[in-house]
Amino acid sequence: MTRCYNFCAGPAALPESVLEQARDEMIDWHGKGLSVMEMSHRSPEVVGIFETAEATLRELLGISDDYAVLFLQGGASTQFSAVPLNLLGEGGSADYVNTGQWSKKAIAEGKRFGKVNVAASSEDTNFSTIPPQDTWQLGSDAAYLHYTPNETIGGVEYFWTPEVSAPLVADMSSTILSRPLDVSKFGVIYAGAQKNIGPAGLTLVIVRRDLLGRTSGSCPAMLDWKIAADNESMYNTPPTYAVYLAGLVFEWLKARGGLAAMETVNRRKAEKLYGYIDASGFYANPVEVPSRSLMNVPFTLADEALDKAFLAGADEAGLLNLKGHRSVGGMRASLYNAVPEAAVDALIDYMRDFEARNG
Ligand SMILES: *Cc1c(COP(=O)(O)O)cnc(C)c1O
């Protein structure tokens with residue numbers, strides 16, 4: 001068996017030891033004679049798996065009892081509608097910050113349900129910057145402020161938390177669990193699982209309990225956070241196997257020393273790659289230095305006619321999924337928690353070799 005290095009933006013790499021444990025437990029979980037996939041979500045086994053996963057996540061992120069932790073479906077994209085449906089009320093308005101493709105999608109969806117005030121946008125820099133907070137034009141009656149702490153496509157990340165009076169709502173799909181986080185500053189945090197949590201099919205929502213029950217009458221039950229919280233994420237059949245795998249990932253993070261330890265490794269990985277890109281005259285990253293993402297590193301080659309050869313050679317070297325998003329082109333290396341430092345070293349070796357042959 002050869003495992004390649006996977007730089008996919010999502011669904012992304014999972015820790016090898018987690019996959020091995022899941023393999024070992026797949027057919028017969030803990031001597032119960034069946035797979036987690038085959039168990040009733042109401043069984044004590046699955047309820048226990050959910051409780052343990054939630055408890056480990058609460059420990060990792062220091063989530064207090066003031067917050068509900070929800071394991072949902074539909075991806076982060078469904079939360080683009082759930083956020084306004086839960087928080088806007090009839091005729092309400094909300095502030096959004098536009099820093100890239102994912103912000104734009106959240107804004108477009110928010111507009112279906114109420115008034116959206118785009119408080120700031122970095123579109124004029126082609127999304128290579130983050131507008132400083134003192135330039136934001138906040139609405140006076142905003143029900144919440146929505147922003148995207150890490151733009152997965154543009155590779156732009158906030159290393160500061162906005163200070164606003166309205167509840168802060170964050171799409172953390174591609175940054176959650178990459179470093180410590182002060183959850184108490186947020187009203188709502190949500191994330192699709194397939195970047196830094198587990199397999200696709202699971203969506204994590206962390207919501208301050210005082211924000212539950214503000215839905216407008218037209219909110220579908222499946223999108224109502226209060227119904228999910230009141231039913232321990234089991235209002236309908238939840239993605240049981242994905243939650244089981246996420247729980248294994250949470251245990252893996254704990255065993256590696258938690259989020260402070262992950263931050264140290266993640267910073268080292270990103271600094272190595274940005275450092276190499278900046279030192280080379282052949283590769284380039286367009287993002288302003290203070291806002292460069294630790295998780296998603298887009299880069300271009302000196303001549304885009306070489307892109308195909310770069311990707312083909314990378315595949316051959318076992319370095320997978322480096323193609324940039326179709327909307328921006330070029331390359332993108334995603335360096336989530338489960339991407340080992342050795343993968344970054346191998347990528348830089350390949351990049352150096354490719355430059356020597358083509359530069
Ligand atoms: C991947 C991603 C999404 C979309 O997630 P889905 O689970 O596919 O809906 C939304 N926002 C960000 C920041 C992402 O990285």
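In this predicted model, helix 3 passes helix 4 in a crossing that is right-handed. Two packed helices are described by the angle between their axes and the distance between the axes. For helix 3 and helix 4, the latter spanning residues 101-110, the packing angle is about 45 degrees and the axes lie 9 Å apart. Because an angle that is neither under 35 degrees, nor over 145, nor from 65 to 115 counts as oblique, helix 3 is oblique to helix 4.

A second helix pair was described in the same terms. The axes of helix 8, which covers residues 307-316, and helix 9, which covers residues 341-358, come within 11 Å and cross at roughly 135 degrees. Helix 8 and helix 9 are therefore oblique to each other, and the crossing in which helix 8 passes helix 9 is right-handed.

Helix 3 also takes part in the surroundings of the ligand, since this helix, made up of residues 75-87, supplies 4 residues of the shell, which is the largest share. In total, 13 residues surround the ligand, and the closest of these are S77, T152, D171, Q194 and K195. When the residues of this shell are divided by character, 3 are nonpolar, 8 are polar and 2 are charged.

Several polar side-chain atoms were found beside nitrogen or oxygen atoms of the ligand. In T152, a polar side-chain atom is placed 2.4 Å from an oxygen atom of the ligand, while in K195 a polar side-chain atom is placed 2.6 Å from an oxygen atom of the ligand. For D171, the partner is a nitrogen atom of the ligand, which lies 2.6 Å from a polar side-chain atom of this residue. The ligand taken alone exposes 390 Å², and of that area 87% is buried by the protein.

Two features of the backbone complete the description. Most residues other than glycine have a negative phi, and most peptide bonds are trans. Between G10 and P11, however, the peptide bond is cis, with an omega of about -10 degrees, and P11 is located in the loop that runs between strand 1 (5-6) and helix 1 (16-26). The residue L177, although not a glycine, has a positive phi of about 75 degrees, and L177 is likewise placed in a loop, in this case between strand 8 (168-171) and strand 9 (188-192).

Methods: Residues are numbered from 1 along each chain as its sequence is written. This is a predicted model: local features need pLDDT of at least 70, side-chain atom pairs count only at pLDDT 80 or more; totals for chains, interfaces and linings use all residues. Side-chain values use heavy atoms; hydrogens and water are left out. A residue is near a molecule or strand if one of its heavy atoms lies within 4 Å of it. A polar contact is a pair of N or O atoms within 3.5 Å; within protein, one must be able to donate a hydrogen and the other to accept it, and residues adjacent in sequence count only if both atoms are side-chain atoms. Accessible areas come from the Shrake-Rupley method with a 1.4 Å probe; for residues, only the protein chains shown count as cover. Helices (H or I, at least four residues) and strands (E, at least two) are DSSP runs, numbered from the N terminus. Ala, Val, Leu, Ile, Met, Phe, Trp, Tyr, Cys and Pro count as nonpolar, Asp, Glu, Lys and Arg as charged, and the others, Gly among them, as polar. Axes are lines fitted to C-alpha atoms, for helices over the stretch in contact, and angles run from 0 to 180 degrees between N-to-C directions. A crossing is left-handed if the near helix is turned anticlockwise from the far one by less than a right angle, and right-handed if clockwise.
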